[in-house]
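Here's a quick walk through a strand and a pair of serines. Have the sequence and the 3D view open while you read.

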Amino acid sequence: QLQLEESGGGSAQPGGSLRLSCAASTFNLNVYAVGWFRLAPGKEREEVSCISSISNSGGSTNYADSVKGRFTISRDNAKNTVYLQMNRLKPEDTGVYYCATGFKSSCPAGKDYWGKGTLVTVSS
């Protein structure tokens, strides 16, 4: 069974920071591309970032225009984990954040396996 779990969500003030984690506990995540997505009330699901496999696809990264310059995606192969560092947060960043993967090494990531999500709330 392929399982992902997000963590690190919570509340932050505008201009603050949070770091989200996406961990795979039952399989090797390192050879697959991983995407971060968010869902807010009244909005379509948005892919905010993606990172490709380092070994197979060079570890390239992608960002949505709405988060460029503020969010950074990275991965730690030793921990089988992908991170999303979110800086200079804005109220419009509020939503449930999910990570997803599938059997692809390059971005866009496959969307066959999802975590349950972690809630991010940005307000003053």
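At 57% relative accessibility, does S55 count as buried or exposed? Keep in mind that this is a predicted model. S55 counts as exposed, because its 57% is over the 50% cut-off. You'll find S55 in helix α1, which covers residues 54-57.

The side chain of S55 has polar company. One contact goes to the side chain of S53, at 3.3 Å. Another joins S55 to the side chain of N56, also listed at 3.3 Å. If you want a longer-range distance, try C22: that residue and S55 are 33 residues apart along the chain, and 19 Å separates their C-alpha atoms.

Now for S52, which sits in the loop between β5 (46-51) and α1. Is S52 buried or exposed? S52 has a relative accessible area of 0%, so it counts as buried. Its side chain makes polar contacts with backbone atoms: the oxygen of S57 is reached at 3.2 Å, and the nitrogen of S60 lies 2.7 Å from a polar side-chain atom of S52. Setting aside neighbours within four places in sequence, S52 touches A33, S57, G58, G59, S60, R75, S105, S106 and C107. So both of those polar partners, S57 and S60, turn up in the contact list too.

On to strand β9, residues 95-101. Why can this strand be called largely enclosed by the rest of the structure? Because six of its seven residues are buried. Here's how β9 pairs with other strands, with one residue pair for each:

| Partner of β9 | Sense | Bridges | Example pair |
|---|---|---|---|
| β4 (residues 34-39) | antiparallel | six | V34 opposite T101 |
| β11 (residues 118-122) | antiparallel | three | V96 opposite L119 |
| β10 (residues 113-114) | antiparallel | two | A100 with W114 |

Reading across the table, β9 runs antiparallel to β4, to β11 and to β10. With β4, the bridges number six, and V34 faces T101 of β9 across that pairing. On the β11 side there are three bridges, with V96 standing opposite L119. The pairing with β10 has two bridges, and W114 is the bridge partner of A100.

One general point to hold on to when you look at side chains here: in a regular strand they alternate between the two faces of the sheet.

How values were computed:
Residues numbered from 1 in each chain as written. Predicted model: local features only at pLDDT ≥ 70, side-chain atom pairs only at ≥ 80, totals over all residues. Heavy atoms only, no water. Buried < 20%, exposed > 50% of the residue type's maximum accessible area, 1.4 Å probe, protein only. Helix = DSSP H or I, 4+ residues; strand = E, 2+ residues; numbered from the N terminus. Pairing = 2+ DSSP bridges. Polar contact = N/O pair within 3.5 Å; in protein donor to acceptor, adjacent residues only side chain to side chain. Contact = heavy atoms within 4.5 Å.
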